[in-house]
Structures are given as C-alpha cells and as structure tokens.
Amino acid sequence: MKRTYIVICLLTILIISPAAMAQNWKAGTSRVNIIPEKQIWMSGYGGRDHVAEGKLTDLWAKSLVITDANGNTGVLITLDLVGIHADTTAAICEALKEQHGLERSQIAINCSHTHTGPAVGMNLGPLHYLQIPKAEQEQLDLYEKALIKKVVSGVSQAIEDVEPASLNWGSGLCAVAVNRRNNSESQVPEVRIAGKLNGPYDHDVPVLAVRRADKSLKTIVFGYACHATVLSFYQWSGDYPGFAQISVEEQFPGVNAMFWAGCGADQNPLPRRTVELAKSYGHRLGTAVGEVINGTMHAVESTLRTEYTEVDLPLQQLPTVDELKGRLDSDQKYEKARAKYILDRLGNKKELDTTYPYPIGSWRIGKDVRFVFLGGEVVVDYAISIKSLAAGTPEDRAQMVWVAGYSNDVMAYIPSRRVLREGGYEGGGSNAYYGMPGLWAPELEAMIMHEVEEQWK
Ligand SMILES: [Zn+2]
C-alpha cells in the first residue's frame with residue numbers, strides 16, 4: 001500500500017512538475033497603433049512615386065515582457081514594418097535602459113517585413129529617404145520620432161501589465177512560402193497544385209502561448225518565414241502577417257497576437273498582388289496557429305536566458321572615398337544615393353569600415369525552446385542550419401528552434417555562402433538600396449553560425 005502511494009506520488013510529481021513549473025512565469029503585453037498620422041512615404045518598393053493614400057488594416061507595435069522564476073526578464077517587440085535601422089533600434093534601446101534599466105540582451109525587436117508600411121528613418125535610405133523631397137523627408141523624421149516614443153511607451157504599458165502567467169509552446173505547418181529563387185513566379189500556381197515546389201523552404205509555424213493564472217489566453221506569439229509582399233499598393237496594411245494576426249485574434253478574442261518574421265528573405269507568397277490573396281494566406285497561417293493552440297502544447301519551464309552580440313562581419317570590394325565622391329554625380333539614382341548615404345555616415349573618416357557590426361541575439365526559453373534573432377533579410381539556409389544544431393529528431397529540432405530574421409537592425413540581405421556565390425538580388429544585388437558599400441565576404445555564414453553556436457553553449 002505504502003509502495004503504491006509512493007509510486008502514485010512520484011507519478012503525480014512527474015506529471016504535474018513541468019506544468020507547475022510553467023505556471024511560474026510573469027508576463028505583460030501591450031499593443032500600440034503605429035499608423036502614421038499623416039499620409040507619408042511608404043517603404044518596400046523602389047517604384048513608388050507618391051505618399052500613402054489610405055488604410056486597409058492597422059499597423060501595430062506589440063510588446064511581450066516575460067520574467068522567469070529567478071527574475072530574468074526579456075522584452076519581445078514586434079513591429080508591422082518592413083525593417084528597422086540600427087539608429088532607430090539604438091534610440092529605442094537607450095530609452096528602455098534609461099526608463100526601465102533594460103540591458104541590450106534583454107530586448108529583441110522584430111519586423112514583419114510588410115511592404116505596405118511606412119518608410120522609417122534611414123532603413124533602406126537610398127531607396128526611399130534619399131529619393132524624396134525635403135518636405136517629405138521631414139515628415140519621415142517626425143514619424144520616426146513618434147514611432148520611437150510609441151514603441152517605448154508600449155513596452156512601459158507591457159511592464160505595467162505584468163501578472164502571474166504560464167507559457168506553452170508548440171509548432172505547426174503552413175505551406176504558403178515559395179522559394180522565389182528556385183521557382184518561376186508564373187508557373188507557381190500549377191506547380192503548387194502538383195505539390196512540386198523547389199526548395200529550400202521553411203514551413204514551420206512556431207507558437208508561444210501565454211496564459212493568465214486563470215488559464216485564459218493573454219498573448220500568442222507566432223512566426224513564419226516568408227516575404228510580406230502580397231500587396232504593393234498605396235494603402236497601409238500588415239500584408240498577410242497582418243491578416244494572420246487578425247485571424248488569431250478573431251479565433252481567440254481578447255488575445256494579443258504577435259507575429260515575427262523568420263528567415264524568409266528568399267521566400268515569397270506566390271501568387272500575389274490581390275487583397276483576397278493577402279487575406280487568404282493570413283487566414284491559412286492564422287488557422288495553423290489555432291490548430292497548435294487547440295492541440296497538445298508543451299509546458300515551458302520557468303527559465304530564461306537572453307544573449308546579444310554584434311559580430312564584425314567582413315565586407316569585400318569596397319570603393320575608396322574618392323570613388324564614392326565621384327558617384328555623387330552618377331545618373332544612376334540608387335548608386336548616387338548609396339554614395340551619399342555612405343559618405344554622410346563616414347563623417348571625417350578617410351576610409352570605409354571593412355566590417356559591419358551584425359546583431360545576433362538568442363533567448364533560451366525553458367529547456368526546449370531556442371529563439372535566435374538575426375539582423376537583416378536572412379535567407380532560409382540559416383534557419384535550416386541553425387535548426388540542425390539542436391539535439392533530438394529532425395522533427396523535434398524543426399519545432400523547438402525558432403530563427404527570426406529582420407531583427408534589431410535590417411541593414412541588408414544576409415545570403416548564405418551558397419546564395420552569395422550564386423549572386424542575384426539576395427546575393428548582393430540589393431545592397432545599393434540599403435546603402436551597403438560592397439558585398440559580404442564569403443566568411444559571413446561561418447561567422448554567423450559560430451556566434452550562434454557560442455550563444456548555444
Ligand atoms: Zn525583402
């Protein structure tokens with residue numbers, strides 16, 4: 001009898017323990033509307049010739065603050081924006097340090113990469129800011145200042161909202177993303193039906209569910225690796241990630257749904273260009289999230305470790321300062337703007353920096369989930385390589401390792417060594433639009449992977 005009792009007790013501890021530990025979190029969340037007050041310049045496409053004309057959906061800055069049983073805190077900020085410049089991130093982080101004592105490693109900022117959001121600061125400066133009249137640049141300056149304030153106030157609201165919580169994780173699948181380098185856009189509809197899309201791609205849908213002490217859902221964080229380029233018109237919209245957040249919030253009323261973009265730099269939602277398709281892809285992604293939430297999720301033990309480093313990634317084929325000055329008279333408007341961007345930032349320095357401080361962050365949430373935050377537009381090869389670092393079956397790894405791109409500083413495309421060698425838009429053809437002075441050196445992939453592995457230890 002006594003023995004049975006001990007066995008039952010042990011079983012009870014084994015069964016309850018992870019769930020009980022998962023209760024031991026604190027969490028707060030918030031959302032702030034970041035739709036510009038005025039119709040300003042939009043981001044994402046070079047062909048734009050006037051400011052926004054209206055709104056299809058709202059755009060949000062959403063925050064989640066989590067604190068583990070030992071008081072370790074992390075702040076995740078998701079933005080319905082195409083990207084963010086290092087200067088804008090620095091201003092946000094400085095204010096958060098001053099107001100809340102948050103260290104850099106505790107903050108992760110991710111952009112959805114919607115191509116129907118506002119141009120912000122010098123993100124894609126040569127493509128937008130440096131191409132428009134001064135009066136419109138001033139409107140962008142005002143918006144950037146307002147955005148920084150809104151993001152910081154959103155985090156403050158999330159901190160005030162902190163309450164006892166539990167965390168659970170799970171992962172689903174959604175087949176919207178198509179490798180745009182390896183599939184012809186015009187053939188995609190038929191190839192899709194035949195199920196013969198060329199890879200690589202990452203169709204995982206990682207989900208983190210935050211519940212209050214009474215078990216009600218508070219926040220759902222989910223990610224997906226695919227460009228938000230269904231729409232290209234002149235109305236503000238969150239594109240398919242915006243509709244996916246709306247879909248999740250409709251399925252679970254009262255929840256704050258937060259989307260983060262994965263390594264989808266070489267992935268497109270194809271076919272595209274209609275509001276119906278944006279809604280339909282968003283609905284499919286939202287449905288995948290709902291299935292995870294309604295299925296069996298895993299309790300997350302109350303431990304959090306956050307890390308952040310900037311790695312000096314080498315560049316190749318740099319121009320001299322004189323060459324750049326010569327390009328200020330170029331009749332190629334993006335080359336001219338790139339030269340101006342670089343020279344303005346160079347100040348009195350005589351030579352260009354041969355490296356770029358590339359941000360890599362990671363959170364270990366509980367014992368299972370590794371959440372990696374990479375800067376730039378990261379191609380899918382990185383997600384696949386980073387997932388392979390984890391133990392367990394390939395399926396376990398795919399589910400437990402979450403790799404975000406578009407985080408903290410979106411300064412360029414981040415090709416793998418393979419994509420850099422192959423060239424094309426993601427290999428470096430896009431660098432002018434970002435103001436990068438040259439191509440990344442081939443070592444970049446090994447250096448990024450090395451740092452991710454360091455943070456893994
Ligand atoms: Zn992009």
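1. Start with the classes of residue around the largest pocket of this predicted model. Its lining has 18 nonpolar residues, along with seven charged and six polar ones.

2. To find this pocket on your screen, look for Tyr341, Arg345, Asp353, Tyr356 and Pro357, which lie nearest its centre. They belong to a lining of 31 residues. Among the elements that give two or more residues to that lining are two helices, α2 (86-100) and α8 (333-346). The strands β14 (304-316) and β15 (355-365) do so as well. The space inside comes to about 620 Å³.

3. Why does the largest pocket lie between domain 1 and domain 2? Residues from both domain 1 (6-309 + 358-456) and domain 2 (319-346) contribute to the lining, so the pocket sits between the two.

4. Now turn to the second largest pocket, which holds about 240 Å³ of space. Its lining is made of 17 residues, and those nearest the centre are Gly44, Tyr45, His115, Tyr413 and Tyr425. By class, eight of the lining residues are nonpolar, six are polar and three are charged.

5. Finally, have a look at helix α9, which covers residues 380-387. How much of this helix is buried? Six of its eight residues are, and therefore α9 is largely enclosed by the rest of the structure. Here "buried" means under 20% relative accessible area. You can pick out the buried residues one by one: Val380, Asp381, Tyr382, Ala383, Ile386 and Lys387.

Notes. Residues numbered from 1 in each chain as written. Predicted model: local features only at pLDDT ≥ 70, side-chain atom pairs only at ≥ 80, totals over all residues. Heavy atoms only, no water. 1 Å grid on protein atoms, 1.4 Å probe; cavity = no way out; pocket = protein on both sides within 12 Å on 5 of 7 lines; lining within 4 Å. Points joined across faces, edges and corners; volume = space filled by probe spheres on them. Helix = DSSP H or I, 4+ residues; strand = E, 2+ residues; numbered from the N terminus. Nonpolar A, V, L, I, M, F, W, Y, C, P; charged D, E, K, R; others polar. Domains from an automatic or database assignment. Buried < 20%, exposed > 50% of the residue type's maximum accessible area, 1.4 Å probe, protein only.
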